[in-house]
Amino acid sequence: MNDSTQKTPPTVGLFVTCLVDLMRPSVGTAAMKLLGDAGCQVYVPISQTCCGQPAYNAGDLLDAQEIAKQVIGDFAGLDYVVAPSGSCAGMIKVHYPRIFKDNQDWLERAEELSARTYELMSFLNDVMKDPEILGDYTGTMTYHDSCSGLRELGVKQQPRNLMSKVPGLKLVEGAEAEACCGFGGLFCVKYPDISEKIVDAKVDDILATGADTVLGGDLGCLMNVAGRLTRRGSDVKVRHVAEVLAGTTGLAPPIGHPKPKVKG
Amino acid sequence: MKPTSDVFINNSREALVNDTLQEALAKLAQGFPLKRFNAVSRLAEFDDLRDAARDIKTDVLNNLDSYLEKFEAQVIKQGGKVHWARTADEACKIIVGLCEDAGARTVTKSKSMIGEEIALNESLEDAGIVPVETDLGEYIIQLRKEPPSHIIAPAIHLTIEQVADTFKEAHQDYPADRALTEPRVLLDEARQVLRQRFIDADVGITGANMLVAETGSIVVVTNEGNADLTMTLPKVHIAVASLEKIVPTLEDATTLMRVLARSATGQDMSVYTTLATGPKRDEDQDGPEAFHIVLLDNGRTDMLGGDFHEMLRCIRCGACLNHCPIYKSVGGHAYGWVYSGPMGAVLMPNLLGIGKTGDLPNASTLCGKCEEICPVRIPLPDMLRQWRTRQFDAAVTSSKSHFGLKVWAYMVKRPLLYRFFVSFMLSNLRKFGRKGRFNWLPFAKGWTQVRDFPAPEGQSFIHQYLMSQKRKR
């Protein structure tokens with residue numbers, strides 16, 4: 001789609017994800033900028049809410065199906081659907097076809113949507129190939145591989161390829177970069193004691209790298225890690241990888257940090 | 001043992017503050033996964049072998065009846081006997097009966113998870129027969145009267161100091177000042193104590209890693225050789241196994257063995273791999289006079305063809321335990337019965353009922369590591385989710401979270417209402433989140449007990465997007 005002979009840019013529907021929409025809209029802005037810089041025409045269907053994953057993982061299959069139908073409708077007719085989250089993209093790409101396995105009409109529509117849905121990093125790296133990355137960030141980073149992106153979608157090398165294009169960014173890998181952070185959606189509030197043990201191991205691994213910033217591709221994990229880091233009194237910063245790649249870190253302080261006071 | 005899976009949350013809290021357990025679990029977390037990784041890295045065709053192993057078990061489950069009949073016919077042809085047990089109770093009665101017929105006073109046992117599942121030791125003791133566990137780990141937990149905490153490493157929850165104390169208490173005729181925290185000393189003592197037990201035993205009871213249909217053989221793998229002494233020295237050998245342990249051919253058995261030890265302990269092969277086929281023949285130098293196989297169903301045929309059919313592919317390697325963030329945090333005993341980890345969280349609700357095991361499928365982040373490493377590619381996260389769906393449909397999900405989900409889903413399905421609520425909530429949260437985070441929030445105590453809640457940035461993305469579109473016009 002990205003060869004130079006092509007006249008019309010691909011149309012991309014941005015699936016913002018409910019967490020980015022509510023908690024950290026600057027990640028949505030960063031995603032729009034990255035997609036635009038890569039030569040896409042970006043659309044934001046404004047009736048979008050959530051992919052339905054909380055219902056699906058809680059066993060509420062009926063609501064998950066109804067929400068999925070809504071998403072399938074919202075994103076009809078676009079070349080691609082891209083989400084700045086491995087778990088939401090995985091929900092659409094991997095799980096939508098599963099939840100309609102007994103409903104032939106919707107199964108076909110779910111499979112059609114699945115085929116053109118991507119997580120942001122893999123879309124930029126694998127579909128747009130060698131996109132322009134304008135980010136500029138000086139610091140030592142470590143990267144947390146979120147479970148769904150890593151294991152359902154194979155997102156591993158893509159963010160690293162893209163980060164290598166950012167001048168000043170030094171990446172130090174954690175020994176347990178692929179270990180779960182203990183978020184798990186409702187898991188972390190239903191079983192907080194176990195979640196604490198798991199996120200502490202993740203935080204220890206991050207601190208051992210000596211990095212000043214943790215990046216990742218899923219806001220749920222990042223909020224969990226950031227919340228535990230600040231609770232433990234650490235000043236290691238947490239950001240979505242899109243913010244750094246897009247060069248939009250000025251839009252918001254690191255996750256869980258206060259806005260800098262305006263001098264004046 | 002009486003299951004305590006219904007109090008999983010309490011069990012897990014106790015486990016998390018048990019320092020010796022945490023020390024033992026930290027060692028496990030560093031040991032097994034790395035050993036598996038190294039073993040798998042040495043074998044380029046490992047993933048192809050996993051596919052082959054999966055396909056063998058899939059074929060077995062699709063044709064279980066005919067393979068079982070073939071197996072039974074072969075066992076009889078070799079001079080052995082097959083006993084069919086529908087339930088744990090039936091299996092125990094059959095085994096106790098066989099021991100009584102042999103006039104047994106003591107029996108040696110090699111490690112068997114089916115033995116644990118049917119609580120065989122309790123039944124034997126009730127009948128006045130003394131069972132002696134001969135796997136070192138099983139021997140230790142038998143002395144301590146504990147259930148196994150891991151399906152292949154039953155005493156993994158203990159530190160060597162705890163084992164030394166247990167030995168000192170149990171083996172009173174040894175010098176009190178011996179250096180039992182030296183693994184060699186401990187091992188030698190166990191061997192000495194157990195040697196006479198092997199010789200004295202009237203019946204030997206083993207499990208079976210596989211049952212080979214074409215030959216009527218059982219395959220038993222160990223690292224200690226204890227199963228070999230258990231099955232060859234006494235005059236009666238009883239093997240107990242569940243139905244799905246069948247494989248069609250010896251060739252298939254070798255394929256499964258190539259993934260089993262690598263997944264379990266990171267060994268290319270276990271130290272001992274023994275095939276036992278029928279009782280001692282005239283020309284054999286040793287072996288039992290009688291060879292019995294007790295085949296246990298205990299709920300497995302109910303799983304065939306249903307949502308948990310694929311769970312029956314499990315070859316009990318324990319890799320999913322070793323790689324599970326939940327198991328590595330709380331250990332096996334928290335799960336409240338003989339199985340644990342992801343395989344236990346899927347299997348135990350099938351065997352004990354979801355009513356008493358309701359937390360097990362929920363206490364998972366669905367991180368997918370178990371499915372990534374499973375040697376027979378069981379979709380464990382999907383099955384955990386399947387249990388959650390059954391719980392939700394049966395309305396046993398706690399009424400508070402059920403209600404919360406329903407309210408949330410109601411709004412998510414109504415974008416305008418959702419937008420209105422989101423605006424209202426965000427503008428209120430913004431007033432209080434000036435520090436960039438909350439260390440306490442009502443309705444989110446599970447979150448804020450452990451970590452701060454990052455404050456939302458401001459208005460929602462969609463709101464900002466709409467505003468920017470307006471400005472453009």
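Biologist: What makes strand E10 (residues 290–296) of chain B count as mostly covered?

Modeller: This is a predicted model, and the label rests on a count of neighbours. A residue is buried if 20 or more other C-beta atoms lie within 10 Å of its own. In E10(B), six of the seven residues are buried, and that is what "mostly covered" stands for here.

Biologist: Which strands pair with E10(B), and how do you know that they do?

Modeller: Pairing needs at least two bridges between two strands. Strand E1 (residues 81–85) of chain B has five bridges to E10(B), and strand E7 (residues 236–242) of chain B has seven. Both counts satisfy the cut-off of two, so both strands are paired with E10(B). E1(B) runs parallel to E10(B), and E7(B) also pairs with E10(B) in the parallel sense. To find these pairs in the viewer, look for B:Lys81, whose bridge partner in E10(B) is B:His292, and for B:Ala239, which stands opposite B:Ile293.

Biologist: There is another sheet in chain B, with the strand order E8-E5-E6-E9. What makes E8(B) and E9(B) its edges?

Modeller: The number of partners. Strand E8 (246–247) and strand E9 (272–276) of chain B each have a single partner strand, so each has one side without a neighbour in the sheet. The four strands form an open sheet, and their pairing is mixed.

Biologist: How do you know that E6(B) is paired with E9(B)?

Modeller: By the bridge count again: strand E6 (residues 217–222) of chain B has five bridges to E9(B), where two would do. The sense of this pair is antiparallel. One bridge to look at links B:Val221 with B:Thr273 in E9(B). Helix H12 of chain B packs on this sheet, touching strand E5 (210–212), E6, E8 and E9 of chain B. The direction of H12(B) makes about 165° with that of E5(B).

Biologist: What describes the packing of helix H9 (residues 160–170) and helix H10 (residues 183–200) of chain B?

Modeller: Two packed helices are described by the angle between their axes and the distance between the axes. For H9(B) and H10(B) the angle is about 35° and the axes are 11 Å apart. The crossing is left-handed. H9(B) contributes B:Ile160, B:Val163, B:Ala164 and B:Phe167 to the contact, and H10(B) contributes B:Pro183, B:Leu186 and B:Glu189. Sorted by class, the contact has six nonpolar, no polar and one charged residues. Glu counts as charged, so B:Glu189 is the charged one in that list.

Biologist: Why is B:Lys27 called exposed?

Modeller: A residue is exposed if 12 or fewer other C-beta atoms lie within 10 Å of its own. B:Lys27 has 11 such neighbours, so B:Lys27 counts as exposed. B:Lys27 is found in helix H2 of chain B. Its C-alpha atom is separated by 24 Å from that of B:Glu189, 162 residues away along the chain.

Biologist: And what makes B:Phe461 buried or exposed?

Modeller: Buried, this time: B:Phe461 has 27 C-beta neighbours inside 10 Å, against a cut-off of 20. B:Phe461 lies in helix H22 (residues 461–472) of chain B. Leaving out residues up to four places away in sequence, B:Phe461 touches A:Val16, A:Val20, A:Asp21, A:Pro25 and A:Gly28.

Biologist: How many residues does each chain bring to the contact between the chains?

Modeller: Chain B gives 52 residues and chain A gives 60. On the side of chain B that touches chain A, 26 are nonpolar, 14 polar and 12 charged.

Biologist: Where do the domains of chain B begin and end, and which helix gives the most to the side of domain 1 that touches domain 2?

Modeller: The domain assignment gives domain 1 (17–301), domain 2 (307–393) and domain 3 (402–472). The centres of domain 1 and domain 2 of chain B are 22 Å apart. Their contact takes 32 residues from domain 1 and 24 residues from domain 2. On the domain 1 side, H2(B) gives the most, with seven residues. That side has 17 nonpolar, seven polar and eight charged residues.

Biologist: How many of the residues in chain B are buried overall?

Modeller: Buried residues make up 47% of its 473 residues. The chain has 22 helices and 12 strands.

How values were computed. Residues are numbered from 1 along each chain as its sequence is written. Chains are lettered from A and ligands numbered from 1 in the order in which they are written. This is a predicted model: local features need pLDDT of at least 70, side-chain atom pairs count only at pLDDT 80 or more; totals for chains, interfaces and linings use all residues. Two residues are in contact if their C-beta atoms, placed from the backbone, lie within 7 Å. Domain bounds come from an automatic or database domain assignment. Axes are lines fitted to C-alpha atoms, for helices over the stretch in contact, and angles run from 0 to 180 degrees between N-to-C directions. A crossing is left-handed if the near helix is turned anticlockwise from the far one by less than a right angle, and right-handed if clockwise.
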